[in-house]
Amino acid sequence: MEMHDMKKEINRIEMPEDMKKRILQNCYESRRNGMHMNKRNRSKRVYRRPLPTAAAILVCLCLCLTGITVMAATGKMQGYFKDVFNLRGAVTGTTYEQATNEVEIRAEMKLDNLEVSVDFLNPNAVPYNEINVLSIGEYDILDGAGNKILEQRKTESFEIADGSARILISMEEKTEIPEGNYKIVIREIIGSKKGDQPLLIKGTWEAEFTK
Amino acid sequence: MRKNTSVRPADDIERIMELYGNMLFRLSLITLGNKDDAEDAVQETMMKCLQKNPVFESKEHEKAWLIRVCSNKCKDILRYRNRHQMADIEETEGIEKFYATESDSSVMEALMKVPEKFRIVLFLYYAEEYKIHEIAGMIGKSKSAVKMRLQKGRKLLEEIYRKEYM
């Protein structure tokens with residue numbers, strides 16, 4: 001077998017004239033109908049009608065914003081994990097953000113201690129099923145007029161049982177605080193597990209109590 | 001490659017069809033094995049040329065661009081065919097009609113039994129007389145891959161020919 005034969009055979013193949021005409025006809029037709037879209041024409045077509053385009057974008061934005069507001073109002077906004085970076089850009093830890101709707105807080109004054117009950121609404125979900133002990137991170141105590149009477153950083157750690165923990169904040173040193181209605185505002189709770197890095201759970205929780 | 005923003009004139013498409021229509025048809029027919037799909041591949045190549053309206057540096061550049069687009073279109077058609085198994089309603093005209101002449105057509109029959117990826121390399125090397133590095137550029141493979149395909153394609157073609165036509 002000679003490769004020369006193959007070339008001869010292949011070169012014998014010719015496109016039928018009617019096919020040529022058909023292809024050219026289709027090309028002309030598509031050009032006449034403006035089907036040969038190139039990017040310039042396409043982009044022109046969009047901005048030729050600026051008002052409907054702007055209206056459509058506005059409607060989309062409104063729908064998105066309404067959706068987010070409704071989600072936040074109905075408590076459907078879920079928490080999420082976020083990496084913590086150092087100055088060199090390396091990941092040094094993780095926090096759990098936006099957990100307001102996933103944790104319930106109650107506060108009650110018991111003798112010289114303020115007992116804060118922290119209940120996880122879904123104790124079997126991550127990260128709540130992975131922590132054994134809990135403490136309160138950053139918190140303030142406000143009086144009835146909204147004045148800050150106590151600002152603290154961290155409480156002791158207490159064990160979690162059945163998805164809730166009772167945390168005691170000693171008020172012994174604050175005996176000068178008069179009786180009345182107060183409010184505790186918590187911005188962080190810290191969950192820990194043996195042999196693991198503490199997890200900062202962020203949100204905003206408020207609970208009222210009476211002294 | 002630059003892109004011309006003006007519309008390609010109608011007579012330019014006719015010129016391209018006159019110059020390269022047969023070659024593109026051969027390439028498509030050898031790759032796809034039937035006339036209808038080959039027509040689709042050539043038409044889509046021409047449409048692409050019309051849409052993109054590229055500026056070519058030379059005739060060779062123009063031909064290489066068309067071959068590359070056409071072989072990509074053929075690959076698209078083959079991919080579509082593999083994913084959408086279809087039963088033929090009527091018999092389509094195969095490649096046999098185009099080479100069934102008075103001469104011995106066994107070489108072409110043997111070539112059509114070689115897998116598609118070798119067929120296209122054999123076509124470009126032996127029928128269009130392109131160099132290995134040019135074929136590599138056209139089908140988007142390395143030179144060594146083209147050499148291997150050429151070698152293996154030749155071997156397969158010879159085996160098929162010896163087994164079935166000698």
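1. In this note a helix is a DSSP run of H or I with at least four residues and a strand is a run of E with at least two, both numbered from the N terminus. The structure is a predicted model, and the points below should be read with that in mind. On that definition of elements, helix α6 of chain B is followed by B:Glu129, a residue with a positive phi near 55°.

2. Chain B contains eight helices and zero strands, so that its elements, read from the N terminus, run α-α-α-α-α-α-α-α. Of the 166 residues in chain B, 49% count as buried, where buried means a relative accessible area under 20%.

3. Helix α6 of chain B covers residues 116-127, and its length can be checked by simple arithmetic: at 1.5 Å a residue its 12 residues should span 16 Å, and because the C-alpha atoms at its ends lie 15 Å apart, the expectation and the model agree. The expected figure is 1.5 Å times one less than the number of residues. The same helix is mostly covered, nine of its 12 residues being buried. Those buried residues are B:Phe118, B:Arg119, B:Ile120, B:Val121, B:Leu122, B:Phe123, B:Leu124, B:Tyr126 and B:Ala127, a list that a colleague may wish to follow along the helix on screen.

4. Where does the residue after α6(B) find its salt-bridge partner? B:Glu129 meets the side chain of A:Lys7 in a salt bridge, at 2.8 Å from N to O. This pair crosses between chains, from B:Glu129 in the loop between α6 and α7 of chain B to A:Lys7 in helix α1 (residues 3-11) of chain A. The two partners fall into separate classes of accessibility: B:Glu129 counts as exposed because its relative accessibility is 53%, whereas A:Lys7, at 21%, counts as partly exposed. Side chains of opposite charge can pair when their charged atoms come close.

5. Over all chains, a search of the whole structure finds 19 salt bridges, and two within chain A deserve a look. In one of them A:Lys110 pairs with A:Glu115, with the closest N and O atoms 3.4 Å apart; A:Lys110 is partly exposed because its relative accessibility is 38%, while A:Glu115 counts as buried at 14%. In another, A:Lys148 pairs with A:Asp140, the closest N and O atoms being 3.9 Å apart, a value to set beside the cut-off of 4 Å that is used for a salt bridge.

6. The pair of A:Lys148 and A:Asp140 does not stand alone, for A:Glu138, A:Asp140, A:Lys148 and A:Arg187 are linked in a network of salt bridges. Within it, A:Asp140 is buried, with a relative accessible area of 5%, whereas A:Lys148 counts as partly exposed because its relative accessibility is 48%.

7. On the surface of chain B, B:Lys117, B:Lys141, B:Lys152 and B:Lys155 gather in a patch of positive charge. One of these, B:Lys141, sits in the loop between α7 (132-139) and α8 (143-165) of chain B, and it counts as partly exposed because its relative accessibility is 39%.

8. Helix α8 of chain B also holds B:Glu159, which is partly exposed because its relative accessibility is 45%. B:Glu159 and B:Ala110 are 49 residues apart in sequence, yet their C-alpha atoms are 9.1 Å apart in space.

9. Some backbone details merit inspection by eye. A:Gln98, although not a glycine, has a positive phi near 55°; its place is in the loop between β2 (91-97) and β3 (103-110) of chain A, and it counts as partly exposed because its relative accessibility is 32%. B:Asn53, also not a glycine, has a positive phi of about 50° and is placed in the loop between α2 (35-52) and α3 (59-83) of chain B. In contrast to A:Gln98, which is partly exposed, B:Asn53 is buried, its relative accessible area being 5%.

10. Which peptide bond is cis, with omega near 5°? The bond runs from A:Val126 to A:Pro127, and A:Pro127 is found in the loop between β4 (113-120) and β5 (133-136) of chain A.

Definitions and conventions
Residues numbered from 1 in each chain as written. Chains lettered and ligands numbered in written order. Predicted model: local features only at pLDDT ≥ 70, side-chain atom pairs only at ≥ 80, totals over all residues. Heavy atoms only, no water. Buried < 20%, exposed > 50% of the residue type's maximum accessible area, 1.4 Å probe, protein only. Patch = residues over 30% accessible without salt bridge, like charges linked within 9 Å, V, L, I, M, F, W, Y side chains within 5 Å. Areas by Shrake-Rupley, 256 points an atom, 1.4 Å probe, with all protein chains shown as cover. Lys, Arg positive; Asp, Glu negative; His and termini not counted. Charge placed at Lys NZ, Arg CZ, Asp CG, Glu CD.
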